[in-house]
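This report goes through a protein model from local backbone features to the overall fold and its internal spaces. Please keep the sequence and the 3D view open while reading.

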Amino acid sequence: MADIGISLGRAPLPGARRLPRPRGEALLLLGLALYVGLFSAFPLLRLLSEALGANAEGEFLGTLRESWSSRAVRRAFWNTLGASGAAVAVSALLGTALAFCVTLAPVRARVAATFLILSPLLIPSQITALAWIELFGSSSPLLAPLGLAPTPGTPNPLYSGTGIALLMGIEHMPFVFLAVRASLLAVPQDLIEAARIAGVRTGRVVSHILLPLALPAVLAGSILAFAAALGNFGVPALLGIPGRFPMLTTLIYQRLAGFGPSVMGQVASLSMILLAMAAAALCARGVLVRRLSVPIAGGQPLRPLLRGRAAVAAGLFVWGAILLTAVAPLLALVGASLVPAVGVRLSPETATLANYAATIGASGTVRRAFANSFQLSLGAAAAAVLIAIPLAYLCALRRSGPARLVQSIADMPFVVPGTVFALAMILVFLAPLPLLGVSIYGTATILFLAYAARFLPLVLRPTTSALEAVEPALDEAGRMLGARLFRRLAFIVAPVVAPAAVAGGLLVFMTAFNELTVSALLWSSGVETVGVMIFSLQYEGNSTGAAAISTLSVLFVLLLALLLDRLGRRLPPGTLPWRS
């Protein structure tokens, strides 16, 4: 036993000799590196090469300079920058206020409240936009009976830059909420007790202690919200195109949809501008967090400190905000799905299920879209689980440096805007595949590969976290007993990480089922998806049909979320953010 060198902890015993790395692990790492390199890194590198290449005249950076010289591109750039900046202001104010109230006050039904606050992350942006369009439309099921709806014939006030900023701010608010709430929960209760013993009142504790400590989290969450707003496609597409407010994501879509692959160089350069803005924001986030973070000693977690009227006011604010930003738009969406035609007000006499029957029962295209989304999402979730478990094993239990590099590369498709990644996939897979001579562009295969690569981090992170809590000695014991690599993965690692991997797989399924940003550029006739169908129906003026599909889609996602919540007690801490 002594010369085998097994330690009971994470560090080897002094003088112990490390076991040689088995050949099977090297082959497994090579296979994972090839997969991640081909479907994650190579498409983005190909896009970079296309965008920074010479133009038809051979000028250095000619494609990029020609794109920037376009007046439409500059207008879309400033619109994107302005709307994203205004959205961040909404996200920061709302997310910070909700995080403070939920953490510092004994809010009733805290788990349900947190889930509803985070619901914009679960509901796709095109459905969010559609719900708000119905809420503020002239035939709004909620505002019309109160006499607050716009006059029939007047444009929806959300078809503007202000409307886009407001909705993107609400949609990305959970990034700020999660960051601020995590920072508040990390503040030790002892610090608050010491301040109170010194005679500091609750208001000054909040303003002079907790708020400064939470400031780095506010900045970190806000910058993350800014990066997400830059790549948002659903909200600018449903509000900006009819409102003549172009943004970079919608300009890329319109040019590619209008001119096809012949403008690939131009749209690649536009996506590079988008990518540069997002990268600059994320770099700034890293620098600011590192410089502003204050180390805090551990201790008992922070408990609610608001009492009396302050606690009641905080609870009313939380549930009032939820009612206005989450519940009311969804009720308007359901109401719009129950009226027989656009412009008809909802009443007991007009309510009908005809839209559900027409869109689901009578339309073969819609049924095919649901089937395609179900199969693609299920396939992507299964593929992500199969890739994540061995990669997390090499990173967490085998402490492999190259595996951690592969893991970092695997995060790239999830970090970049979806439009950018979709363009990168088109560039690589538009031409016929070598040896096979066929192109997968416009087929379900390219959608599957894009989903599996983009959403892999949703499984990889919780799986790695679960394995980091496991003693490496467990795996070493399997090796001592002669179990080969794949036997250890199947009978030692997989059972341990199964809850976290299944939870990540469900997250992939929920996210991919309604996905639009990537699908909008990769779908074709016969491989429609739910997100594309909602966008197409709304774009064609069939908003009641789009509302019916959206309602069914949201119900399906909520059922999956409830199923995920049932796994909550068996998952690593933090996997389900609404339970933290």
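Arginine 399 sits in the loop that runs between helix 14 and helix 15 (401–410). The model is a predicted one, and the values below are computed from it.

**Backbone at particular residues**

The phi angle of arginine 399 is near 55°, which is a positive value in a residue other than glycine. Arginine 399 has a relative accessible area of 38% and is therefore partly exposed, since that class lies between the 20% limit for buried and the 50% limit for exposed.

Another arginine has a positive phi as well: arginine 244, at about 50°, although it is not a glycine. Arginine 244 belongs to the loop between helix 9 and helix 10 (248–259). With a relative accessible area of 69%, arginine 244 is exposed.

Glycine 482 follows helix 20, and its phi is positive, near 90°. Helix 20 itself covers residues 472–480, and its buried residues are Pro472, Ala473, Asp475, Glu476, Gly478 and Arg479. Which helices do the buried residues of helix 20 pack against? They pack against helix 14 (364–396) and helix 21 (485–513).

**Overall fold**

The secondary structure consists of 24 helices and 0 strands. The radius of gyration is 25 Å, close to the 25 Å given by the globule rule for 580 residues, so the protein is as compact as a globular protein of that length. Along the principal axes, the C-alpha atoms fill a box of roughly 85 × 75 × 50 Å. Of the 580 residues, 52% count as buried. Among contacts with a separation of 6 or more, 79% are between residues 24 or more positions apart.

The structure holds 0 disulfides. Two cysteines can be placed by their accessibility. Cysteine 101 counts as buried, because its relative accessibility of 15% is under the 20% limit. Cysteine 283, in contrast, has a relative accessible area of 53% and is exposed.

**Cavities**

Rolling a probe the size of a water molecule over the atoms shows where empty space is left. A search of the whole structure finds 2 cavities of 30 Å³ or more. The table lists their volumes and the make-up of their linings.

| Cavity | Volume | Lining by class |
|---|---|---|
| Largest cavity | about 110 Å³ | 8 nonpolar, 3 polar, no charged residues |
| Second largest cavity | about 30 Å³ | 7 nonpolar, 1 polar, no charged residues |

The residues that line the largest cavity are Ser119, Pro120, Ile123, Thr128, Ala131, Trp132, Ile170, Thr325, Ala326, Pro329 and Leu330. Helix 4 (110–122), helix 5 and helix 12 are the elements that give two or more residues to this lining. Which of them has the largest share of the lining of the largest cavity? Helix 12 does, with 4 residues.

The second largest cavity is lined by Leu98, Leu116, Ile117, Met173, Ala321, Ile322, Thr325 and Ala326. Helix 4 and helix 12 each supply at least two residues of that lining. Helix 12 gives the most, with 4 residues. Thr325 and Ala326 appear in the lining of the largest cavity and also in that of the second largest cavity.

**The second largest pocket**

Pockets, unlike cavities, are open sets of points. The second largest pocket has a volume of about 520 Å³. Its lining comprises 30 residues, and the closest to the pocket centre are Ile133, Glu134, Tyr159, Gln538 and Ser543.

Several helices contribute to this pocket. Helix 5 (125–135), helix 9 (234–240), helix 12 (308–337), helix 23 (530–539) and helix 24 (543–566) each supply at least two residues of its lining. Helix 23 provides the largest share, 3 residues. How does the lining of the second largest pocket divide by class? It has 17 nonpolar, 12 polar and 1 charged residues.

Helix 5 and helix 12 thus recur: each supplies at least two residues to the lining of the second largest pocket, and both are among the elements that give two or more residues to the lining of the largest cavity.

Terms used
Residues numbered from 1 in each chain as written. Predicted model: local features only at pLDDT ≥ 70, side-chain atom pairs only at ≥ 80, totals over all residues. Heavy atoms only, no water. Buried < 20%, exposed > 50% of the residue type's maximum accessible area, 1.4 Å probe, protein only. Contact = heavy atoms within 4.5 Å. 1 Å grid on protein atoms, 1.4 Å probe; cavity = no way out; pocket = protein on both sides within 12 Å on 5 of 7 lines; lining within 4 Å. Points joined across faces, edges and corners; volume = space filled by probe spheres on them. Nonpolar A, V, L, I, M, F, W, Y, C, P; charged D, E, K, R; others polar. Disulfide = S-S within 2.5 Å. Rg over C-alpha atoms; globule rule 2.2 N^0.38 Å.
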